[in-house]
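These are my notebook entries on one structure. I set down what I looked up and what I found.

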Amino acid sequence: MGFKEIWKEYMKNSSLHGAKFIVDEKYQYSEKIFWVICVLASWMASVLLIRASLDAFENNAISFVVETSFLEWKTHFPAIAVCESKNLDSVQAMSDHLWGVDHDFTLEEVLSELTYFRGESYHTIHECADEEPTPGCLFTDYIKYARLVRSNCTKTLNQCQWNSEKKFNCCDYFFPMQTELGTCFTINSMQTENPKKIKMPMISDKYTGPGKLKLEVLTEANIYILGEEDVPHLATPKSEILPVTPHISYYRQISMKNIENDPETRDVNVEQRNCRYPDENVLNVHEYYSYSACSVQCRKDAQLKICNCTSHLMPRTPTHLHCNISGLTCLNEHYEELSIVIPKWSSAGRKGVVCDCLPSCTEIDVSIIHDSKDKSAMAEARGNRKAVAQIEIELSALPTERYKRNVVRGRLDLVVSMGGTTGLFVGASLLSFVEILYYFTIRPYGNFLMERRTK
């Protein structure tokens with residue numbers, strides 16, 4: 001049985017609408033041409049609609065709306081990170097230990113700069129990268145000295161209080177987080193070193209009212225208000241950082257908006273929803289994905305590419321990749337280029353690390369409503385045994401809006417759309433395509449066996 005006969009048999013018996021009229025010998029050529037035109041037009045219309053469905057599925061699968069059904073919401077307080085920014089007493093004590101009481105005091109500037117490294121190292125290069133370096137200079141293994149100087153949690157935080165409840169020990173819930181700014185102590189974060197996953201229930205709703213966290217900080221530090229997957233980093237805007245100093249009382253009032261995701265969002269690929277969930281991590285600097293963690297990864301990759309080493313404070317980086325004095329000189333020379341993160345579509349010629357990072361699917365939008373500080377608290381603080389900075393961070397009101405990411409075109413919607421289109425225009429179903437396989441493979445073999453048995 002030849003191909004022509006197989007083709008005719010398929011067309012005569014096919015469930016595709018109009019196919020049998022094209023090969024049936026009862027009809028005139030004019031009728032057959034009419035049906036060929038109708039079938040081709042139907043298939044073209046079907047293909048165009050299927051392409052439109054595919055394009056909508058790939059590019060418009062997600063809708064982003066604002067919800068206002070806020071009465072039953074439970075709002076989780078954002079993560080609060082405390083990162084020590086300066087500790088002259090600790091630097092001086094460690095300098096005395098390393099170089100003796102009568103040491104060159106420029107070495108203290110070097111030690112402080114390395115401990116609280118922010119991308120620049122003017123004093124270190126000036127004192128240690130010259131042809132005649134200052135005696136006692138540090139040339140490598142900077143992370144060791146940074147860890148010796150930086151304060152642990154008990155020397156950074158004193159007491160904390162959530163709402164009007166009893167005060168608690170901060171270090172029971174503030175856990176260390178390794179960042180490119182050094183070790184920070186953070187509450188409510190996914191990125192901390194918290195093996196037991198201990199979390200304080202800091203929830204605000206219509207029964208509790210807006211949440212308020214009070215804490216006492218014992219050193220000069222920077223306070224960051226973050227989403228649970230975010231991390232402090234060098235490119236954080238200054239307006240979002242709260243610098244604190246002992247003997248001063250600080251008050252910051254914030255508002256926040258969360259993002260709620262349709263459960264089906266996880267079934268949509270990353271490119272379609274244009275965001276990543278924290279557990280969809282492709283980074284090695286932090287355990288969970290976030291936009292801020294991705295910018296740190298970009299900076300690490302750029303440092304390795306330009307200087308063949310990274311900052312000694314870069315998290316989760318082997319010590320053999322940490323920069324020595326020559327590497328620090330390279331980082332310092334390219335400071336402007338490495339300290340700014342710019343998007344991939346940014347204009348050519350602009351300095352910065354090109355970083356094509358997606359946002360987190362669960363990030364929060366935090367806005368600062370009011371800031372104030374009171375130096376009159378200095379007298380009260382001096383009456384205490386410890387010099388502390390008193391910080392109060394409060395939600396201005398319970399959120400009345402939140403963003404919602406909905407799936408409007410999932411895989412099932414695509415299948416239904418394609419099935420409806422082919423059914424409407426050509427009368428096809430899944431079994432119609434099985435017929436093609438049957439008539440051109442199994443059916444000829446069956447006919448061959450029947451003819452052989454007849455003979």
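**Entry 1: helix 5 and its surroundings**

I began with the buried residues of helix 5, and I found that they pack against helix 4, helix 6, helix 7 and helix 11 (325-333). I note at once that I am reading a predicted model.

I then asked how many of the residues of helix 5 are buried. The count is 8 of the 10, so helix 5 is largely enclosed by the rest of the structure. I listed the buried residues as Leu107, Glu108, Val110, Leu111, Ser112, Glu113, Leu114 and Thr115.

**Entry 2: helix 5 against helix 7**

Before comparing pairs of helices, I recalled that two packed helices are described by the angle between their axes and the distance between the axes.

I looked up helix 5 (residues 106-115) and helix 7 (residues 142-149), whose axes come within 8 Å and cross at roughly 95 degrees. Angles of 65 to 115 degrees count as roughly perpendicular, and helix 5 and helix 7 are therefore roughly perpendicular to each other. On the side of helix 5 the contact is made by Leu111, Leu114 and Thr115, and on the side of helix 7 by Tyr142, Tyr145, Ala146 and Val149. I sorted this contact by class and recorded 6 nonpolar residues, 1 polar residue and no charged residues.

I noted that Leu111, Leu114 and Thr115 also stand in my list of buried residues of helix 5.

**Entry 3: helix 4 against helix 7**

Next I turned to helix 4 (residues 88-99), which packs with helix 7 at an angle of about 125 degrees, the axes being 9 Å apart. Helix 4 and helix 7 are therefore oblique to each other. Here Ser90, Val91, Met94 and Leu98 of helix 4 meet Tyr145, Leu148 and Val149 of helix 7. By class, I recorded 6 nonpolar residues, 1 polar residue and no charged residues for this contact.

I observe from the two lists that Tyr145 and Val149 of helix 7 take part in the contact with helix 5 and in the contact with helix 4.

**Entry 4: Ser151**

I followed the chain past helix 7 to Ser151, which is placed in the loop between helix 7 and helix 8 (153-156). Is Ser151 buried or exposed? Residues under 20% relative accessible area count as buried, and Ser151, at 13%, is therefore buried.

I looked for polar partners of the Ser151 side chain and found two entries. One polar contact, of 2.6 Å, joins it to the side chain of Glu84, and another, of 3.0 Å, to the side chain of Asn87. Leaving aside neighbours within four places in sequence, Ser151 is in contact with Glu84, Asn87, Thr156, Phe185 and Thr219.

**Entry 5: Cys137**

I also looked up the loop on the other side of helix 7, between helix 6 (122-128) and helix 7, where Cys137 is found. Cys137 has a relative accessible area of 10% and is therefore buried. Not counting residues up to four places away in sequence, Cys137 touches Leu107, Glu127 and Cys128. Of these, I had already listed Leu107 among the buried residues of helix 5.

**Entry 6: salt bridges**

I reminded myself that side chains of opposite charge can pair when their charged atoms come close. A search of the whole structure finds 12 salt bridges.

One of them joins the side chains of Lys212 and Glu392 (3.6 Å, N to O). Lys212 lies in strand 9 (residues 212-217) and Glu392 in strand 17 (residues 389-395), so the pair ties together parts that are 180 residues apart in sequence. Lys212 counts as partly exposed, at 24% relative accessibility.

Another joins Arg402 and Glu260 (3.7 Å, N to O). Arg402 is in strand 18 (residues 402-407) and Glu260 in strand 13 (residues 259-261), so this pair ties together parts that are 142 residues apart in sequence. Glu260, at 33% relative accessibility, counts as partly exposed. I found Arg402 and Glu260 again in a network of salt bridges that links them with Glu67 and Lys404.

Lastly I noted Arg273 and Glu280, whose closest N and O atoms are 2.9 Å apart in their salt bridge. Arg273 and Glu280 are both buried.

**Entry 7: Asn274**

I closed with Asn274, in the loop between helix 9 (270-273) and helix 10 (291-307). Asn274 is partly exposed, with a relative accessible area of 45%. Not counting residues up to four places away in sequence, Asn274 touches Leu358 and Pro359.

Terms used. Residues numbered from 1 in each chain as written. Predicted model: local features only at pLDDT ≥ 70, side-chain atom pairs only at ≥ 80, totals over all residues. Heavy atoms only, no water. Axes fitted to C-alpha atoms, helices over the stretch in contact; angles between N-to-C directions. Helix = DSSP H or I, 4+ residues; strand = E, 2+ residues; numbered from the N terminus. Parallel < 35°, antiparallel > 145°, perpendicular 65-115°, else oblique. Contact = heavy atoms within 4.5 Å. Nonpolar A, V, L, I, M, F, W, Y, C, P; charged D, E, K, R; others polar. Buried < 20%, exposed > 50% of the residue type's maximum accessible area, 1.4 Å probe, protein only. Polar contact = N/O pair within 3.5 Å; in protein donor to acceptor, adjacent residues only side chain to side chain. Salt bridge = Lys/Arg side-chain N within 4 Å of Asp/Glu carboxyl O.
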